[in-house]
Every structure is written in C-alpha cells, then in structure tokens.
Amino acid sequence: MDDTDRELLTLLQRDAGQAYAALGRAVGLSAAATHERVRKLRERGIVRRTTVELDPKGLGLGVLAFVMVESSAWMGDSAEEFAAVPEIEEAHIIAGSASVLVKVRTTTTERLQDALRRLYAIDGVCGTQATVVLETFFERPPRPAP
C-alpha cells in the first residue's frame, strides 16, 4: 500500500459515495486507475465493505454503554451468541479481569437493562460491569498507517 492508496482510503472514509472520477482528480489518477486501485484494496480485504454512517441519537439510540463481561469459561467460541443481541455493536475478547468487552447502544436505560439480562443468558457469562457514557467527545474509524 502506497501513499496514493492511503489518500484514497481517507477520501473514501469521508464519503464512500464519491465517483471514481472525483476521487481520481483528488489523488492525480484517472477514473479507471482509481477504480482499479479501489478494486485491489477490496480484493486484499483492506476495504471490507461500503456503508453509511448513521447518527445514533437521530435514530433514538441515546444510551451508550461499555460492558465488561465476566465468565466462568472460555468465551472465544461465543461470537454468534453475542451477535444475536442486536443492541451490541461490538464485542471483543480481552485480557484482564473480564473476558469480553461489548459496546451496547439502546434507546433507554430500561432497554440497556434488558440487553444485560440477555447477556446473562449466554452460556458461561457470570457477571457484567456496565459503564454508561455521559458524553462522547468523538468517535473515529481506523485510519491507514503511514
């Protein structure tokens, strides 16, 4: 990956709906060359998908919490069970006192409590510690390393 690829990735993160001609002008390439570079980035798995970023508050999802999930067993085979809880946006196996860290968004604290109940239904889960976010300074997607 070179500097042109990194610049293309940055531009695509800002607006993935840009035409290849506009992207090409921004990086000094033709539309065809730009299309080919983006295709190769997709093939290599660097660009996983094209999506739309939604405003959680605009969707009524005003409660954000990070939950440390304690377990009595290895949780590495539980991805599907965590993914079945629709309020969970991210789930990570972690090192430390907890086994899994999840990012949960809900409409109300009551809905958060309901999501926590469903976490307890996952085999091996024996405890949770939730931290509710009061304000988010910023969130950013991963950036291409120089």
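**Exercise 1. Describe how strands β2 and β3 pair, and identify the residues that stand opposite each other.**

Step 1. Strand β2 (residues 88–93) and strand β3 (residues 100–106) are joined in the antiparallel sense through five bridges, where strands count as paired if DSSP finds at least two bridges between them. Helices (H or I, at least four residues) and strands (E, at least two) are DSSP runs, numbered from the N terminus. The model examined here is predicted, with local features requiring pLDDT of at least 70 and side-chain atom pairs counting only at pLDDT 80 or more, while totals for chains, interfaces and linings use all residues. Residues are numbered from 1 along each chain as its sequence is written, and side-chain values use heavy atoms, with hydrogens and water left out.

Step 2. Within this pair, Glu90 has Lys103 of β3 as its bridge partner, and Ile88 stands opposite Val104 in β3.

Step 3. The hairpin of β2 and β3 has six residues between the strands, and there Gly96 adopts a positive phi near 130 degrees.

**Exercise 2. Place β3 within the sheet and determine how far it is enclosed.**

Step 1. On its other pairing, β3 runs antiparallel to strand β1 (residues 63–71), to which seven bridges join it. Phe66 has Lys103 as its bridge partner in β3, and the partner of Leu64 in β3 is Arg105.

Step 2. The open sheet consists of four strands in the order β2-β3-β1-β4, with antiparallel pairing. Its edge strands are β2 and β4 (125–132), each of which pairs on one side only. From one strand to the next, the twist averages 20 degrees.

Step 3. Because six of the seven residues of β3 are buried, this strand is largely enclosed by the rest of the structure; buried means under 20% relative accessible area, exposed over 50%, and partly exposed in between, with a 1.4 Å probe and protein chains only.

**Exercise 3. Locate helix α5 relative to the sheet, then characterise the surroundings of Gly124.**

Step 1. Helix α5 (residues 109–120) lies across β1, β2, β3 and β4, and runs at about 155 degrees to β4. Axes are lines fitted to C-alpha atoms, for helices over the stretch in contact, and angles run from 0 to 180 degrees between N-to-C directions.

Step 2. The loop between α5 and β4 contains Gly124, which counts as buried because its relative accessibility is 14%.

Step 3. Apart from neighbours within four places in sequence, Gly124 is in contact (heavy atoms within 4.5 Å) with Glu70, Ser71, Ser72, Ala73 and Met75. The C-alpha atoms of Gly124 and Met75 are separated by 7.2 Å, although these residues are 49 apart along the chain.

**Exercise 4. Classify the packing of α1 against α2 and against α3, and list the residues involved.**

Step 1. For helix α1 (residues 3–14) and helix α2 (residues 20–27), the axes come within 10 Å and cross at roughly 130 degrees. α1 is therefore oblique to α2, given that angles under 35 degrees count as roughly parallel, over 145 as roughly antiparallel, 65 to 115 as roughly perpendicular and the rest as oblique. The crossing of α1 and α2 is right-handed: the near helix is turned clockwise from the far one by less than a right angle, whereas anticlockwise would be left-handed.

Step 2. From α1, Thr4, Glu7, Leu8, Leu11 and Leu12 meet Leu23, Ala26 and Val27 of α2. By class, this contact of α1 with α2 comprises six nonpolar, one polar and one charged residues, where Ala, Val, Leu, Ile, Met, Phe, Trp, Tyr, Cys and Pro count as nonpolar, Asp, Glu, Lys and Arg as charged, and the others, Gly among them, as polar.

Step 3. α1 also packs with helix α3 (residues 31–43) at an angle of about 85 degrees, the axes being 11 Å apart, so α1 is roughly perpendicular to α3. In this contact, Thr4, Asp5, Leu8, Leu9 and Leu12 of α1 meet Thr34, Arg37, Val38 and Leu41 of α3. The contact of α1 with α3 has five nonpolar, two polar and two charged residues.
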